[in-house]
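Visitor: Please take a close look at one part of this model, the charged side chains along a single element. I would like one connected account.

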Amino acid sequence: MANKSLLGFAAAGAVGVLIGIIVAPESGNKNVKKIKRFVNDWASKMLDEIEAGKSSLGEFADEAEEKAYELKGRAKAKVEDFKDTAYELKGEAAAKAEDFADEVKQTYSDVQSETKRSFS
(Lines give C-alpha, C1' and ligand atoms only; values in the text may rest on other atoms or scores of the structure.)
Protein backbone atom coordinates (compact mmCIF):
# COMPACT_ATOMS: atom_id res chain seq x y z
CA MET A 1 0.00 0.00 0.00
CA ALA A 2 2.85 2.37 0.85
CA ASN A 3 4.46 1.66 -2.52
CA LYS A 4 1.26 2.68 -4.32
CA SER A 5 1.15 5.91 -2.35
CA LEU A 6 4.82 6.54 -3.08
CA LEU A 7 4.25 5.98 -6.80
CA GLY A 8 1.21 8.29 -6.68
CA PHE A 9 3.20 11.07 -5.02
CA ALA A 10 6.08 10.57 -7.44
CA ALA A 11 3.77 10.71 -10.44
CA ALA A 12 2.02 13.83 -9.11
CA GLY A 13 5.39 15.44 -8.46
CA ALA A 14 6.56 14.55 -11.96
CA VAL A 15 3.47 16.09 -13.51
CA GLY A 16 3.95 19.23 -11.41
CA VAL A 17 7.58 19.60 -12.45
CA LEU A 18 6.70 19.06 -16.11
CA ILE A 19 3.99 21.71 -15.97
CA GLY A 20 6.42 24.06 -14.24
CA ILE A 21 9.05 23.53 -16.94
CA ILE A 22 6.55 23.96 -19.75
CA VAL A 23 5.18 27.26 -18.43
CA ALA A 24 8.61 28.60 -17.41
CA PRO A 25 9.81 31.58 -19.45
CA GLU A 26 12.68 29.81 -21.25
CA SER A 27 13.29 28.78 -24.83
CA GLY A 28 11.70 25.62 -26.22
CA ASN A 29 15.04 23.86 -26.63
CA LYS A 30 15.97 24.47 -22.99
CA ASN A 31 12.56 23.25 -21.86
CA VAL A 32 12.82 20.13 -24.01
CA LYS A 33 16.28 19.39 -22.59
CA LYS A 34 15.03 19.91 -19.04
CA ILE A 35 12.04 17.68 -19.66
CA LYS A 36 14.25 14.96 -21.20
CA ARG A 37 16.69 15.16 -18.29
CA PHE A 38 13.88 15.11 -15.76
CA VAL A 39 12.11 12.17 -17.43
CA ASN A 40 15.38 10.23 -17.72
CA ASP A 41 16.22 10.86 -14.06
CA TRP A 42 12.72 9.96 -12.96
CA ALA A 43 12.67 6.79 -15.10
CA SER A 44 16.07 5.81 -13.75
CA LYS A 45 14.87 6.25 -10.16
CA MET A 46 11.72 4.23 -10.85
CA LEU A 47 13.78 1.43 -12.42
CA ASP A 48 16.03 1.44 -9.35
CA GLU A 49 12.94 1.15 -7.14
CA ILE A 50 11.58 -1.68 -9.26
CA GLU A 51 14.90 -3.53 -9.06
CA ALA A 52 15.00 -3.02 -5.30
CA GLY A 53 11.45 -4.38 -5.08
CA LYS A 54 12.36 -7.40 -7.18
CA SER A 55 15.40 -8.01 -5.01
CA SER A 56 13.29 -7.80 -1.84
CA LEU A 57 10.72 -10.12 -3.34
CA GLY A 58 13.45 -12.60 -4.28
CA GLU A 59 14.84 -12.49 -0.74
CA PHE A 60 11.35 -13.00 0.67
CA ALA A 61 10.80 -15.99 -1.64
CA ASP A 62 14.14 -17.49 -0.60
CA GLU A 63 13.29 -17.06 3.09
CA ALA A 64 9.84 -18.58 2.55
CA GLU A 65 11.39 -21.56 0.79
CA GLU A 66 13.89 -22.06 3.61
CA LYS A 67 11.10 -21.89 6.20
CA ALA A 68 9.04 -24.40 4.20
CA TYR A 69 11.93 -26.88 4.11
CA GLU A 70 12.58 -26.32 7.80
CA LEU A 71 8.92 -26.93 8.66
CA LYS A 72 8.84 -29.98 6.43
CA GLY A 73 11.87 -31.41 8.24
CA ARG A 74 10.36 -30.69 11.63
CA ALA A 75 7.08 -32.29 10.59
CA LYS A 76 8.90 -35.41 9.39
CA ALA A 77 10.77 -35.60 12.69
CA LYS A 78 7.50 -35.30 14.63
CA VAL A 79 5.95 -38.08 12.54
CA GLU A 80 8.94 -40.33 13.23
CA ASP A 81 8.72 -39.54 16.95
CA PHE A 82 5.03 -40.36 16.89
CA LYS A 83 5.68 -43.66 15.10
CA ASP A 84 8.38 -44.58 17.62
CA THR A 85 6.07 -43.77 20.53
CA ALA A 86 3.24 -45.76 18.95
CA TYR A 87 5.48 -48.81 18.52
CA GLU A 88 6.69 -48.53 22.10
CA LEU A 89 3.10 -48.27 23.38
CA LYS A 90 2.07 -51.21 21.23
CA GLY A 91 4.86 -53.31 22.74
CA GLU A 92 3.94 -52.24 26.28
CA ALA A 93 0.26 -52.96 25.66
CA ALA A 94 1.06 -56.40 24.26
CA ALA A 95 3.23 -57.20 27.29
CA LYS A 96 0.51 -56.06 29.70
CA ALA A 97 -2.12 -58.04 27.82
CA GLU A 98 0.08 -61.11 28.02
CA ASP A 99 0.62 -60.57 31.76
CA PHE A 100 -3.12 -60.15 32.25
CA ALA A 101 -3.82 -63.33 30.27
CA ASP A 102 -1.31 -65.19 32.43
CA GLU A 103 -3.00 -63.89 35.59
CA VAL A 104 -6.42 -64.94 34.29
CA LYS A 105 -5.09 -68.41 33.45
CA GLN A 106 -3.53 -68.68 36.90
CA THR A 107 -6.74 -67.54 38.59
CA TYR A 108 -8.76 -70.02 36.50
CA SER A 109 -6.33 -72.78 37.44
CA ASP A 110 -6.54 -71.82 41.12
CA VAL A 111 -10.35 -71.79 40.98
CA GLN A 112 -10.36 -75.23 39.29
CA SER A 113 -8.01 -76.64 41.91
CA GLU A 114 -10.08 -75.17 44.73
CA THR A 115 -13.28 -76.52 43.21
CA LYS A 116 -11.79 -80.03 42.85
CA ARG A 117 -10.67 -79.97 46.46
CA SER A 118 -14.06 -78.83 47.63
CA PHE A 119 -15.89 -81.64 45.83
CA SER A 120 -13.41 -84.39 46.62
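Guide: E70 has a relative accessibility of 39% and therefore counts as partly exposed, since that class lies between the 20% and 50% limits. The model is a predicted one. E70 forms a salt bridge with R74, and their closest N and O atoms are 3.1 Å apart. Both residues belong to helix α2, where a spacing of 4 residues puts about one turn of the helix between them.

Three further residue pairs need not be assumed from this; the search of the whole structure gives 4 salt bridges. Among them is the bridge of E51 with K54, with 3.4 Å between the closest N and O atoms. E51 and K54 are 3 residues apart in helix α2, so about one helical turn separates them. E51 is partly exposed, at 47% relative accessibility.

Another is the bridge between E80 and K83, whose closest N and O atoms lie 3.8 Å apart, which is within the 4 Å cut-off for a salt bridge. E80 and K83 are also in helix α2, 3 residues apart, or about one turn of the helix. E80 is partly exposed with a relative accessible area of 41%, and K83 counts as partly exposed at 40%.

Helix α2, residues 28–119, also holds E59. E59 is partly exposed, its relative accessible area being 47%. Together with D62, E63, E65 and E66, E59 forms a negative surface patch. Patch members have no salt bridge and over 30% relative accessible area, and the value of 47% for E59 fits the area condition.

Methods:
Residues are numbered from 1 along each chain as its sequence is written. This is a predicted model: local features need pLDDT of at least 70, side-chain atom pairs count only at pLDDT 80 or more; totals for chains, interfaces and linings use all residues. Side-chain values use heavy atoms; hydrogens and water are left out. Patches are made of residues with over 30% relative accessible area and no salt bridge: like charges are joined within 9 Å, nonpolar side chains (Val, Leu, Ile, Met, Phe, Trp, Tyr) within 5 Å. Accessible areas come from the Shrake-Rupley method with a 1.4 Å probe; for residues, only the protein chains shown count as cover. A salt bridge is a side-chain nitrogen of Lys or Arg within 4 Å of a carboxyl oxygen of Asp or Glu. Lys and Arg count as positive and Asp and Glu as negative; His and the chain ends are not counted. The place of a charge is taken as NZ of Lys, CZ of Arg, CG of Asp or CD of Glu. Helices (H or I, at least four residues) and strands (E, at least two) are DSSP runs, numbered from the N terminus. Buried means under 20% relative accessible area, exposed over 50%, partly exposed in between (1.4 Å probe, protein chains only).
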